[in-house]
Amino acid sequence: SRSRSWTGRPNASNEETFARMKAPESPPTLEEAANASYAGIYPDKSVTLREGRWDGEPLVPDGASRPAVGLVQDFSLNGDLNGDGRQETVVFLWESSGGSGTFNYLSVLARRGHSVVNLGTAPMGDRVQLRAGRIRGGRIELDVVQSGPGDAACCPGQTATRVWSLQ
């Protein structure tokens with residue numbers, strides 16, 4: 001019988017397999033977020049963005065006004081929000097039902113195998129302006145400008161730090 005020995009230098013395909021087994025899952029990217037599905041914006045349905053936007057059917061037959069949801073393209077956060085050792089991605093969405101208000105949401109995405117899944121979506125409010133954000137201690141902390149007492153609906157002026165956690 002012939003004996004075989006391994007020299008400690010695996011072939012290229014073994015190296016790739018080993019790297020995939022050891023590498024932690026990367027958090028979802030903004031490109032993936034731009035084509036993900038989100039629940040929690042509308043009570044009875046989820047929306048799937050295509051290239052960062054979803055447009056619903058007109059609110060009234062033959063009407064010009066229709067609901068829309070979009071991804072805020074220039075801001076995301078990555079960090080472990082649920083203690084599983086994997087990083088989630090926090091993205092920001094806007095929603096308009098055709099009126100003058102634009103409602104903002106934060107949403108948590110995770111990679112599960114080859115899929116990107118929405119773990120949760122929470123409202124931030126009408127015309128909330130995001131200034132900075134961070135993930136600290138498994139919580140999302142956002143510095144915002146929001147409507148305060150006496151502010152007109154168009155013009156929020158109250159600064160605040162708001163905190164969310166994934167439940």
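## Leu 49 and its contacts

Leu 49 touches Ala 33, Ala 34, Asn 35, Ala 36, Tyr 38, Trp 54, Val 69, Leu 71 and Leu 93, leaving aside residues up to four places away in sequence, where a contact means heavy atoms within 4.5 Å. This is a predicted model, in which local features need pLDDT of at least 70 and side-chain atom pairs count only at pLDDT 80 or more, while totals for chains, interfaces and linings use all residues. Residues are numbered from 1 along each chain as its sequence is written, and side-chain values use heavy atoms, with hydrogens and water left out.

## Two nonpolar cores

Leu 49 is also among the residues with the most contacts inside the largest nonpolar core, which has 15 residues. Such a core is a set of buried Ala, Val, Leu, Ile, Met, Phe, Trp, Tyr and Cys residues joined through side-chain atoms within 4.5 Å, and buried means under 20% relative accessible area, calculated with a 1.4 Å probe on protein chains only. Strands S1 (37-42), S4, S5 (88-96) and S6 (103-112) each supply at least two residues of this core, a strand being a DSSP run (E) of at least two residues, numbered from the N terminus. The largest share, three residues, comes from S1. A second, separate core of 13 residues includes Val 108, Met 124, Ile 140 and Leu 142.

## An exposed residue in S4

Asp 74 lies in strand S4 (residues 68-79), and it counts as exposed because its relative accessibility is 65%, the cut-off for exposed being over 50%.

## The hairpin of S6 and S7

S6 and strand S7 (residues 115-126) run antiparallel and are joined by 10 bridges.

Terms used: Helices (H or I, at least four residues) and strands (E, at least two) are DSSP runs, numbered from the N terminus. Two strands pair if DSSP finds at least two bridges between them.
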